[in-house]
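Let's take a friendly walk through this model, one contact at a time. Keep the 3D view open and follow along as we go.

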Amino acid sequence: MKKILLVETKLLARDWLGVALSLALPVGLLLVLGQIPDLQKPDPNLGDQRFVDAQLPAQMILLALLTTAFTILPGAMATYREQGVLRRMSTTPTHPARLLGAQLLLNLIISLCSAVVVIVAGWLVFGSQLPGQLFGFLLAYLLGAAAMLALGLVIAAVAPNSKTAPGIGSVAMFPLLFVAGMWIPREIMPDTLRTISDFSVVGPFVNAMRDTWAGDWPQLPHLAVMVGGLALFSGLAVRLFKWE
């Protein structure tokens with residue numbers, strides 16, 4: 001596993017531009033959107049918090065995570081398959097779970113770095129709040145990120161080639177951003193849409209982020225949905241994985 005992780009790190013380092021974009025995009029949007037005056041005013045729908053205090057950073061963290069999980073990760077795996085890298089690995093005792101686990105761990109570290117950059121940028125520029133429950137934040141983030149990266153591995157498993165993989169990921173990403181409240185706050189969503197959000201993994205993820213920003217532990221139902229998503233998508237990724 002260590003050797004696979006080292007090799008994957010070297011390969012990912014060659015695609016430094018994609019990693020840099022996954023870091024720069026959410027921070028850039030945070031700095032631009034945060035300049036909107038209304039987002040710096042207390043909002044009764046958010047418990048008199050400012051939008052830039054927790055809601056906007058949480059959404060940007062989600063955007064960075066989904067960009068990594070649904071475009072960078074599937075594209076890299078599909079490229080390996082096209083170039084015959086996976087076929088050569090199939091002649092070794094390497095189990096698919098090890099390769100997929102290495103990819104998940106590596107991209108989890110990258111996405112966590114992106115989340116830290118978003119939080120620090122919001123704090124320095126807008127005086128945004130820092131997560132009041134740090135351990136709860138880490139728990140919720142790691143569970144949610146692992147679940148969404150596992151879904152990205154499912155996309156990588158079914159994508160026919162490296163050109164279509166990011167496209168499939170984008171098609172999946174935007175509906176998830178919508179139900180997570182990127183354009184319509186969850187507080188004003190219709191009941192049916194909010195229910196869909198509650199079971200979408202991204203909805204519980206954003207809610208858990210906001211809870212930890214307020215100093216509370218993530219709610220158990222939110223954690224349960226993320227654990228269920230991780231188990232489901234990880235199993236599907238291993239089952240659907242193809243060496244070539």
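Start with two helices of this predicted model. Helix H3, which covers residues 55-82, packs against helix H9, residues 202-213, with an angle of about 140° and an axis separation of 10 Å. Angles over 145 degrees would count as roughly antiparallel and those from 65 to 115 as roughly perpendicular, so H3 and H9 are classed as oblique to each other. Their crossing is right-handed.

Which residues make the contact between H3 and H9? On the H3 side you will find Gln55, Pro57, Ala58, Gln59, Ile61, Leu62, Leu65 and Leu66. H9 contributes Val202, Phe205, Val206, Met209, Arg210 and Trp213. Sorted by class, the contact holds 11 nonpolar residues, 2 polar ones and 1 charged one.

Two of those H9 residues, Phe205 and Trp213, are worth keeping on screen as we turn to the aromatic rings. The model has 3 aromatic pairs. In one of them, phenylalanine 137 meets tryptophan 213 edge-to-face, with 5.8 Å between the ring centres and 80° between the planes. This pair links distant parts of the chain, since phenylalanine 137 belongs to helix H6 (residues 134-158) and tryptophan 213 to helix H9, 76 residues apart. Are these two rings buried or exposed? Phenylalanine 137 has a relative accessible area of 4% and tryptophan 213 one of 3%; the cut-off for buried is under 20%, so both residues count as buried.

A second pair joins tyrosine 141 and phenylalanine 205, and here the arrangement is tilted: the centres are 5.8 Å apart and the planes make an angle of 55°. Tyrosine 141 sits in helix H6 and phenylalanine 205 in helix H9, so this pair ties together parts of the chain 64 residues apart in sequence. Tyrosine 141 is buried, at 1% relative accessibility, and phenylalanine 205 is buried as well, at 0%. Seen together, Phe137, Tyr141, Phe205 and Trp213 form a cluster linked by ring pairs.

For a last stop, move to helix H2, residues 16-33, and pick out alanine 20. How far apart are the C-alpha atoms of alanine 20 and serine 114? They are separated by 9.5 Å, although the two residues are 94 residues apart along the chain. Alanine 20 has a relative accessible area of 32%, and is therefore partly exposed.

Key
Residues are numbered from 1 along each chain as its sequence is written. This is a predicted model: local features need pLDDT of at least 70, side-chain atom pairs count only at pLDDT 80 or more; totals for chains, interfaces and linings use all residues. Side-chain values use heavy atoms; hydrogens and water are left out. Axes are lines fitted to C-alpha atoms, for helices over the stretch in contact, and angles run from 0 to 180 degrees between N-to-C directions. Helices (H or I, at least four residues) and strands (E, at least two) are DSSP runs, numbered from the N terminus. Angles under 35 degrees count as roughly parallel, over 145 as roughly antiparallel, 65 to 115 as roughly perpendicular and the rest as oblique. A crossing is left-handed if the near helix is turned anticlockwise from the far one by less than a right angle, and right-handed if clockwise. Contact means heavy atoms within 4.5 Å. Ala, Val, Leu, Ile, Met, Phe, Trp, Tyr, Cys and Pro count as nonpolar, Asp, Glu, Lys and Arg as charged, and the others, Gly among them, as polar. Rings of Phe, Tyr and Trp (its six-membered ring) pair if their centres lie within 6.5 Å; planes under 30 degrees apart count as stacked, over 60 as edge-to-face and the rest as tilted. Buried means under 20% relative accessible area, exposed over 50%, partly exposed in between (1.4 Å probe, protein chains only).
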